[in-house]
Amino acid sequence: MQSMKLQHGMERELCLSVCVIQLWMESATRKLQGDTRAASLLQLKGEGGGLVVLLHDAASRETRKRSSERPAHRGDRGIIIMSAIRKQLSFQILLLFISCRNINTKTLGATAPPLDPTAPLQKLERSYVLKGDSHTEKVELLNPVSLVLMCTWTGSQNKPTNITGFWSKDGKEIENSRVTVQLENKQYNLKRTFSIASEADLGSYSCDFGGEAKINFVLAVPQMGDERDKPIVSYLGDSVVVPCKLDDSKPTPNTWNWYRANETGKEQIIAGQKFSIKNDEKKTKLVIHDLTADDSGLYYCGAVYGVGITMGRVELKVISFFEPLKPFIAILVEVIILVAAILLYEKSRSKKDYTAAGHLGKITDQRRALR
Amino acid sequence: MSPAPADPLEYKPLDGGWGWMVVIGAHISIGFAYATPKVLSIFFNEIQQDLGSSFSEIALISSIMLAAMYAGGPVSSAMVNRFGSRPIVMLGGLLCGVSMITASFGTSIIYLYFCIGVIGGCGLSLNLNASLIIISKYFLKRRPLANGLAMAGSPVFLCVLAPFNQYLLVNFGWRGSLLILGGLMLHCCVAGALMRPVPLPCKPPSYALEKTVEEQPNSGNTKLKKRFVKNAKKFLDFSLFKDRGFVIYLIGSIMFIFGAYAPIVFLSAYAKSQGVEEYSAAYLLSIMGFVDMFVRPGTGLIANSKLVRPRIQYFFSFALVFNGTCHLLCPLIKSYAFLVVYAVFFGIGFGMVFALIFECLMDLMGSQRFPRAVGLVTIIECFPMLLGPPAAGNYTLIMHSTYTDINQSKSAKHSSVNIEHALVLCS
């Protein structure tokens, strides 16, 4: 049985413990009859009204079962009796719980708590030892994390005992981050914890040692691979498949979104009659049906990770069928002209030969006649 | 080296004049025949995305086209013997054009297999054989040069069509590009128009024959039919196998074709494995093609010279051995500069062999038997042509060896066979 979380309010505690005991009895009887599924459902999941629903379910299932059973059997009668008792029990529990719930709402307030409210963010540590002037380190993040950045600097020629170090985000100094750094083991150390929860928290974080040395940590979601620079060409009335692919080395995103570029920015595309989206882990395809000239333009595919979205860009160009038809007809005409020219030339040459041969024949005949 | 058997109805070939226009026609025709299956692969990525099929299904289009082109050899030779080269090349050009135009409207992969693969392949096979046959009819003294110039069409069209296809793809998508490519292939009809039929020899004997045929109309018809059937059967003629030279040529060419295309397929992969970047690796193939373009007519010129012409079979064997040794030395190459040198020598070897491959067959068979011979050779060459590169690929998988090892074994195989070929041909 799950342990109940301690909440403020003695009445609530009492109420809930009573509920617990009764429910436990309920589930035990169920288990005895082998109806383990209903029994496990009755186990407490958390606070709140979910339990009421579950109880409802169990009760309704019970009534359904009863109606389907035939009361003739001896064993059945036993079950009916048992089920009748259980029904009473469950009804009592229901009543109790509803009253408990009222107390719940009175003491705690209106909002329902999130799924894992106090579960800590995943911890991630990144550090770098700087020997020169500056360095940039890339950090790929997928989900919200509690990021600890550690900077170590070996120092310049003269090593003063104390320097002022500070942190900055995207070039702007973070407030209250200036500290005095002591020289320990010939090194200066700066350490700070950042809570990266959303896309706004991503960016370039830098630790600065008295303006002399700087380490930049660039926090970003995994980037798309090589972007396709040539547009996809398709025809009016046709349907086209616009693909987007993540490198195999990058992690799988939670989902994919597609956006269409318009005057104000990006507008999300919703699957429907005109658009259909097929997602396949690291690949996604947007299928556009019945293309019109308006469909030309930029499309963006976004791979959604816990902490942000990485964008890829594809350009679509819709042209009418007459565009390739024009050069085709030009080539066709050219071929016909060439063939005709060659054949005509041949015919005229053979006629010339024939008439020349004829002439020659006539001349020789004349000569013979003269002789 | 025993000369070709003397033909009874030998007329004097033109060896010039209109013959050079015929060479231009054959150049265009052969160029399209060899280059088209290779340059179509530029469109495959786009077609694959639009039709939603796997890459191997799309690559099958090229294989079907090649298979149809080679398998159609005997039929093409028979038709050329019956109707002459001109109508056949024009028909071939029309078929190719129609195949590409109808393919541009395709919505399924099976439709593309049929249009591009079968119809296109048949058109190309008609083109190829007819062009070779007409060269053998127009040239005797300058035949090696004519052959070299005509076969040079393949690298020229490859170098021209590849970037042109890219340009078309970017501007018109794959459908528009196929449409325009179909229009271009109609130029084979122009090539066909150039192939003026060779004037027939002495007319009187044929008139006499016709008269005797006309006198007996009834029995004449059935006789003609029987003769036609006999002729048709003749064109898949197995009596050619009695000729020892032909058999050796056939075996040699099977072995050569089996190994010849594998290096081309694997060259860029090998270069990448040696640490060369992708763009430079692709550049190697274009170097090879460019060198090939000049080597083929050059080889034809050399083969035509007084010194080499009588010993042309030896020259052919030398070209094969050169090709083989080139591949044998390949595994020793580690740096990019030497890979470029290898590509150049590969181009030279490849060009030499292909310039001479049909010339030697013409030399062996004579112009009367050449049509039947070339039909048989192309249909038999079909198998090693299709099996070669995949077999090489499987060899790497089975033996876990690298490209270098396949190279060595293949080249060793075919250079040894060809040395034997040369030696046997001497006797």
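**Close-up 1. E140(A), at 41% relative accessibility, is partly exposed (20% to 50%; buried is under 20% and exposed over 50%, with a 1.4 Å probe and protein chains only).** The model is predicted: local features need pLDDT of at least 70 and side-chain atom pairs pLDDT 80 or more, while totals for chains, interfaces and linings use all residues. Residues count from 1 along each chain as written, chains are lettered from A and ligands numbered from 1 in written order, and side-chain values use heavy atoms, without hydrogens and water. The partner shown is K250(A), which forms a salt bridge with E140(A) (a side-chain nitrogen of Lys or Arg within 4 Å of a carboxyl oxygen of Asp or Glu). The closest N and O atoms of E140(A) and K250(A) are 3.4 Å apart. The two residues are 110 positions apart in chain A: E140(A) belongs to strand β2 (residues 134-140), and K250(A) to the loop between β11 (240-245) and β12 (255-262). Helices (H or I, at least four residues) and strands (E, at least two) are DSSP runs numbered from the N terminus. K250(A) is buried, with 18% relative accessible area.

**Close-up 2. R178(A) and E173(A) are joined by a salt bridge in chain A.** Their closest N and O atoms lie 3.1 Å apart. R178(A) is partly exposed at 47% relative accessibility. E173(A) is likewise partly exposed, and its relative accessibility is 39%. Over all chains, the salt-bridge count comes to 11.

**Close-up 3. In chain B, R143(B) forms a salt bridge with E359(B).** The closest N and O atoms of this pair are separated by 3.5 Å. The link joins distant parts of chain B, since R143(B) is in helix α7 (residues 143-151) and E359(B) is in helix α15 (residues 336-399), 216 residues away. Both R143(B) and E359(B) are buried. R143(B) also appears among the buried residues of α7(B), together with P144(B), L145(B), A146(B), N147(B), G148(B), A150(B) and M151(B). Because eight of its nine residues are buried, α7(B) is largely enclosed by the rest of the structure.

**Close-up 4. The interface of chain A and chain B draws 28 residues from chain A and 27 residues from chain B into contact (heavy atoms within 4.5 Å).** The two chains bury about 2,400 Å² between them (accessible area lost on being put together, 1.4 Å probe, summed over both), and 68% of it is on carbon and sulfur atoms. F328(A), I342(A) and E346(A) supply 21% of the area that chain A buries against chain B, more than any other three residues. Three salt bridges cross this interface. On the side of chain A that touches chain B, the elements giving two or more residues are β10 (232-235), β11, β17 (309-319) and α5 (322-370) of chain A. Of these elements, α5(A) gives the most, with 16 residues.

**Close-up 5. E346(A), R86(B) and R196(B) are linked in a network of salt bridges.** Within this group, the salt bridge between E346(A) and R86(B) has its closest N and O atoms 2.4 Å apart.

**Close-up 6. L40(B), I116(B), F246(B) and L361(B) touch the most other members of the largest nonpolar core, which has 122 residues (buried Ala, Val, Leu, Ile, Met, Phe, Trp, Tyr and Cys joined through side-chain atoms within 4.5 Å).** The element that gives the most to this core is α15(B), with 23 residues. F246(B) touches L240(B), F241(B), L361(B), M365(B), A373(B), L376(B) and V377(B), leaving out residues up to four places away in sequence. A separate core of 46 residues includes L147(A), L246(A), I288(A) and A303(A).

**Close-up 7. V39(B) sits in helix α1 (residues 18-39) of chain B.** At 2% relative accessibility, V39(B) is buried. Setting aside neighbours within four places in sequence, V39(B) is in contact with L158(B), L161(B), A162(B) and N165(B). The C-alpha atom of V39(B) is 38 Å from that of L307(B), and the two residues are 268 residues apart along the chain. As background to the view, chain B has 16 helices and zero strands, and buried residues make up 54% of its 427 residues. Among contacts in chain B between residues at least 6 apart in sequence, 86% join residues at least 24 apart.
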